[in-house]
Amino acid sequence: MASGVSVIIAVRNGENYLAAAIESILGQTIPVDEIIVADDGSSDGTVAIARSFGGTVKVLPQQQAGQAAAQNAGITAATGHFLSFNDHDD
């Protein structure tokens, strides 16, 4: 288990802002251990954008079940001791 921070982004149809949100997280002074994009059944290019960051971002696609279900999937997949939740348009 990692000792740092896992950032979880629960998103549905967020292709317009997701890349900027991920780049903002990556640009912070203190790096995070992992970024998890929990996709809640997007029908746009959200998953492709998240995957374009390669191994830097863990992508968890699921059928649409709501934001809470996407966040819970991210929590389950997280390896950090600390969790941070970001919206895709932050």
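**Close-up views of a predicted model**

**View 1. Helix α1 and the elements its buried residues pack against.** In this predicted model, the buried residues of α1 pack against four strands and a helix by name: β1 (5–11), β2 (34–40), β3 (57–62) and β4 (82–87), plus α2 (46–51). Which residues of helix α1 (residues 18–26) are buried? They are Leu 18, Ala 21, Ile 22 and Ile 25. Look down the axis of α1 and these buried residues fall within an arc of 95 degrees, so they line one face of the helix. Here's the handy rule behind that: an α-helix has 3.6 residues a turn, so residues three or four places apart point the same way.

**View 2. Inside the largest nonpolar core.** This core has 13 residues. Among those with the most contacts inside it are Ile 9, Leu 18, Ile 22 and Ala 50. β1, α1, β2, α2 and β3 each give two or more residues to the core. Zoom in on Ala 50: leaving aside neighbours within four places in sequence, Ala 50 touches Leu 18, Ile 22, Val 37, Val 57 and Val 59.

**View 3. A salt bridge between two strands.** How many salt bridges does a search of the whole structure find? Just one. Here the side chains of Lys 58 and Glu 34 meet (3.7 Å, N to O). Lys 58 sits in strand β3 and Glu 34 in strand β2, 24 residues apart, so the pair links distant parts of the chain. Glu 34 counts as buried because its relative accessibility is 10%, while Lys 58 is partly exposed at 33%.

**View 4. A nonpolar patch on the surface.** Ile 75, Leu 83 and Phe 85 make this patch of about 240 Å². Ile 75 belongs to helix α3 (residues 67–77) and, at 36% relative accessibility, counts as partly exposed.

Methods: Residues numbered from 1 in each chain as written. Predicted model: local features only at pLDDT ≥ 70, side-chain atom pairs only at ≥ 80, totals over all residues. Heavy atoms only, no water. Patch = residues over 30% accessible without salt bridge, like charges linked within 9 Å, V, L, I, M, F, W, Y side chains within 5 Å. Areas by Shrake-Rupley, 256 points an atom, 1.4 Å probe, with all protein chains shown as cover. Salt bridge = Lys/Arg side-chain N within 4 Å of Asp/Glu carboxyl O. Buried < 20%, exposed > 50% of the residue type's maximum accessible area, 1.4 Å probe, protein only. Arc of directions from axis to C-beta. Contact = heavy atoms within 4.5 Å. Core = buried A, V, L, I, M, F, W, Y, C linked by side-chain atoms within 4.5 Å.
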